[in-house]
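I opened the notebook to record what I looked up in this structure. The entries follow the order in which I went through it.

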Amino acid sequence: MPTYSFQYLDFEGLVKGLNGHGKIWFFGNSVIRHSSKCDTDHRSISDLFAAAIHQPVVDMSRGGMRTGRMLDIVEVLVALGLKPKAVYIQVPLDGDVIAQLNEISGVKGFFTTNFSELKHKLNLTEGSQIGSMKRVAFNGHYYGDYGEFSKKYFVIEKQQRTCPETMGVDKDFIAFMYWRNFLEKNADTSAAQEMNRIQTLVNKGIKIVFWIAPVNSEDISALHGSASIQGLSAYKNNIVNLMKNFTVVDMSHTVPANHFADRWCACGHLNDEGRLSVVSQLIPSVASTSHE
């Protein structure tokens, strides 16, 4: 396992796992812990889940964590002899899901992950960069890569956000963000290698629950038309079909726009009502993950 491509927070997750034998392991990206400034309850999804099921939950999430890295950590811990009660893995639809089951590995991966300013010296092509580094244009306007547009546009949206939260101020930029994160996709039609990777863990007795994170379909439809939601739903259905042999909780189109936070960033962040909705949809899966 190429742990030298891990971020330091991934090693923090490993340490948590070492103390988490027999407990529920909870993986995800910034959606797990992020809250809205308008919230009255700022608890994370993992904390709300633990309180609801009255069981210890080990939060091993971090911002920007890809599904493949979540599996990496599980594989390392299982190889070390650790066994969780269950593993909950967030599957975000903002990106190519199957591609997210893999990570850039090796020494080059270590530097591109932890020292992004060196990526140009490592002769990375635009096509080899992960989604957060891609430089793209939308409707004839060039917004730059993530580092560029987050510094310029995110700051403006944060300064002008209100309670309750709205879609945001710059609708053209927000339309770009939803297109970039959810609509600019390649069809994942074959994923035998990735599914075999998951099956190997299941064969070792690891109980895994994948949950497809909520998508702000109302804002996407308002900005890009209802046909865009049909396309995204078809993409999601294909992912569910690819993962048909595993436990999947699909909550992609179950949360209304006013239960999302930071709607302008199209990053799936949820307010307290949205996070509670996720927990309520995860609770039924707990019984199926109990040890016999």
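The crossing of α3 and α8 was my starting point, and I noted it as left-handed. The residues that make this contact are G68, L71, D72, V74, E75 and V78 on the α3 side, and R197, I198 and L201 on the α8 side. I took down the geometry as well: the axes lie 11 Å apart and the helices pack at about 35 degrees. In residue numbers, α8 covers 192-203 and α3 covers 67-79. The model is a predicted one, and I read every value here as computed from it.

**Charged pair in that contact**

I then looked at R197 and D72, which both appear in the list of contacting residues. They form a salt bridge, with the closest N and O atoms 2.3 Å apart. The pair ties together distant parts of the chain, since R197 is in helix α8 and D72 in helix α3, 125 residues apart. Both R197 and D72 are buried. I followed the shared partners outward and found one salt-bridge network made up of D10, R62, R69, D72, E75 and R197.

**R62**

I picked R62 out of that network for a closer look. R62 sits in the loop between β2 (57-59) and α3. Is R62 buried or exposed? I entered R62 as buried, because its relative accessibility is 7% and the cut-off for buried is under 20%. Setting aside neighbours within four places in sequence, I listed its contacts as Q7, L9, D10, G28, N29, S30 and R69.

**Other salt bridges**

How many salt bridges does a search of the whole structure find? I wrote down twelve. Two further pairs went into the notebook.

- R275 and D39 meet through their side chains, at 2.9 Å from N to O. This pair also links distant parts of the chain: R275 is in helix α11 (residues 272-288), D39 is in the loop between β1 (24-27) and α2 (45-53), and 236 residues separate them. I marked R275 and D39 as buried.
- E12 and K16 form a salt bridge with the closest N and O atoms 3.9 Å apart. They are four residues apart in helix α1, so about one helical turn separates them. I entered E12 as partly exposed, at 38% relative accessible area, and K16 as partly exposed, at 27%.

**Helix α1 and the surface patch**

I stayed with helix α1, residues 8-18, which also holds V15. V15 is partly exposed, with a relative accessible area of 48%. Its C-alpha atom is 9.3 Å from that of M60, which is 45 residues away along the chain. With L18 and L80, V15 forms a nonpolar patch on the surface, and together the three have about 290 Å² of accessible area. I located L80 in the loop between α3 and β3 (86-91). L80 counts as exposed because its relative accessibility is 56%, and the exposed class begins over 50%.

**A second helix pair**

Next I checked α7 (residues 171-183) against α9 (residues 217-224). Their axes come within 10 Å and cross at roughly 115 degrees. I noted this crossing as left-handed too. On α7 the residues in contact are K171, I174, A175, Y178, W179, F182 and L183, and on α9 they are D219, I220, L223 and H224.

**Backbone entries**

I looked through the backbone for unusual torsions. C163 and P164 are joined by a cis peptide bond, with omega about 0 degrees. P164 is in the loop between α6 (146-160) and α7. D262 has a positive phi of about 50 degrees although it is not a glycine, and A266, also not a glycine, has a positive phi of about 55 degrees. I placed D262 in the loop between β7 (247-250) and α11, and A266 in the loop between β7 and α11. D262 is buried at 5% relative accessibility, and A266 is buried at 2%.

**Whole chain**

I closed with totals. The protein chain has eleven helices and seven strands. Of its 292 residues, 51% count as buried. The chain exposes about 13200 Å², of which carbon and sulfur atoms supply 52%. Among contacts with a separation of 6 or more, I recorded that 78% are between residues 24 or more positions apart.

Technical notes
Residues numbered from 1 in each chain as written. Predicted model: local features only at pLDDT ≥ 70, side-chain atom pairs only at ≥ 80, totals over all residues. Heavy atoms only, no water. Patch = residues over 30% accessible without salt bridge, like charges linked within 9 Å, V, L, I, M, F, W, Y side chains within 5 Å. Areas by Shrake-Rupley, 256 points an atom, 1.4 Å probe, with all protein chains shown as cover. Salt bridge = Lys/Arg side-chain N within 4 Å of Asp/Glu carboxyl O. Helix = DSSP H or I, 4+ residues; strand = E, 2+ residues; numbered from the N terminus. Buried < 20%, exposed > 50% of the residue type's maximum accessible area, 1.4 Å probe, protein only. Axes fitted to C-alpha atoms, helices over the stretch in contact; angles between N-to-C directions. Left-handed = near helix turned anticlockwise from the far one by under 90°. Contact = heavy atoms within 4.5 Å.
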